[in-house]
Amino acid sequence: MTIQTDTSTSYTAPGIEGMVSDWSADKQAFDMPWGKLMMWIFLLSDTFIFSIFLTGYMTVRLSATDAWPNPSEVFALEIAGHHLPLILIAIMTFALITSSGTMAMAVNYAYRGDRRKTAWLMAATALLGASFVGMQVFEWSKLISEGVRPWGNPMGAAQFGSAFFMITGFHGLHVTAGVIYLSIVARKVARGDYEQKGYAIVEITGLYWHFVDLVWVFIFAFFYLW
Amino acid sequence: MSATAGQQHPIGIYLKIWLLLFVLSTFSYLVDFFHVEGYLRWTLILVFMFLKAGFIIAIFMHVAWERLALKYVLFLPLSAVAILIILMAVEGDYTFLTRHLYFDR
């Protein structure tokens, strides 16, 4: 066995060997600020929550004997005389992806030390997130007015409502929390609170925001398109 | 903290991925718009979904540049989710069949 004193204390060794040295050497296992690691652990637990929601949705949809309402039609809108399937959901998806882009740019500018641009990009991200929640409120009120309830609906399988309100509701809650989180950090960035501590906080906030977008990718595919 | 503490990459890569995510989202919307059905629909939806998720995780969340020690912590536990999905798919099918067998009107 060879003892590699040169690589075990740094974070440069690649591959499996590097991982073993990261875990076993006399140093912290993860090469990152503790806040970032804690955000990753939180996101992992959140992944499990959303996975369980989506798996539950899969189970009730598989076992429903009534026809599942066609999401393409349920979420269609009439715009200027045109019948457009799923159009609001598409706009919501683009709003969230745009916000992910502005967030990625904010992280980049934060590490470059450009406080002004970082704060503005984070504010733009929060604004796009707020518009997403606004559209979701519209979508919910439209469905509620059409008689969709957690225990039944006029279009088909009763389980549709409970799956819809639970999954999109929990995601919407995450977006809302993200908007508040982003606004607070953006304000502190603009004020210069992180000049001493460094700008890892922007990357940590970004991780949360990208995760919210990531969850939407799966909800969009499994709930709206399936 | 070591020198790798801050993730710094050229801005161009974010713009490219951003554009790519737009294109992929448009594609997945078009799957529904053009009423693609059956196995082709599900395959396309899953392919676009995994591509989008992969780019968000790898580039936007910087996992591509993280150490293996973190990657394993993030992805190994997800095998439990995969097992849950398989078990629940079997369970859902079983419930569906017994409902038809005993409660069919």
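**Group meeting talk: two chains and a shared core**

Good morning. I begin with A:Phe220, which touches A:Ile89, A:Thr93 and A:Leu225, leaving aside residues up to four places away in sequence. Here, two residues are in contact if their C-beta atoms, placed from the backbone, lie within 7 Å.

The model is predicted, with local features needing pLDDT of at least 70 and side-chain atom pairs counting only at pLDDT 80 or more, while totals for chains, interfaces and linings use all residues. Residues are numbered from 1 along each chain as its sequence is written, and chains are lettered from A and ligands numbered from 1 in the order in which they are written.

Where does A:Phe220 belong in the wider picture? It is listed with A:Ala106 and A:Met122 as having the most contacts inside the largest nonpolar core, a set of 66 residues. Such a core consists of buried Ala, Val, Leu, Ile, Met, Phe, Trp, Tyr and Cys residues joined through C-beta atoms within 7 Å. Buried means that 20 or more other C-beta atoms lie within 10 Å of the residue's own; with 12 or fewer a residue is exposed, and in between it is partly exposed.

Which helices supply at least two residues each to this core? From chain A they are H3 (34-63), H5 (87-112), H6 (115-145), H7 (159-191) and H8 (200-225), and from chain B they are H1 (11-33) and H2 (38-60). The largest share, 18 residues, comes from H8(A). Helices (H or I, at least four residues) and strands (E, at least two) are DSSP runs, numbered from the N terminus.

I turn now to the interface. In it, 46 residues of chain A are in contact with 45 residues of chain B. On the side of chain A, helix H2 (15-24), H3, H5 and H8 each give two or more residues. That side divides into 29 nonpolar, 13 polar and four charged residues. In this count Ala, Val, Leu, Ile, Met, Phe, Trp, Tyr, Cys and Pro are nonpolar, Asp, Glu, Lys and Arg are charged, and the others, Gly among them, are polar.

Finally, chain A as a whole. It has eight helices and two strands, in the order α-α-α-α-β-β-α-α-α-α from the N terminus. Its C-alpha trace spans about 70 × 45 × 25 Å along its principal axes. Of its 226 residues, 37% are buried. Among its contacts with a separation of 6 or more, 68% join residues 24 or more positions apart.

Thank you for your attention.
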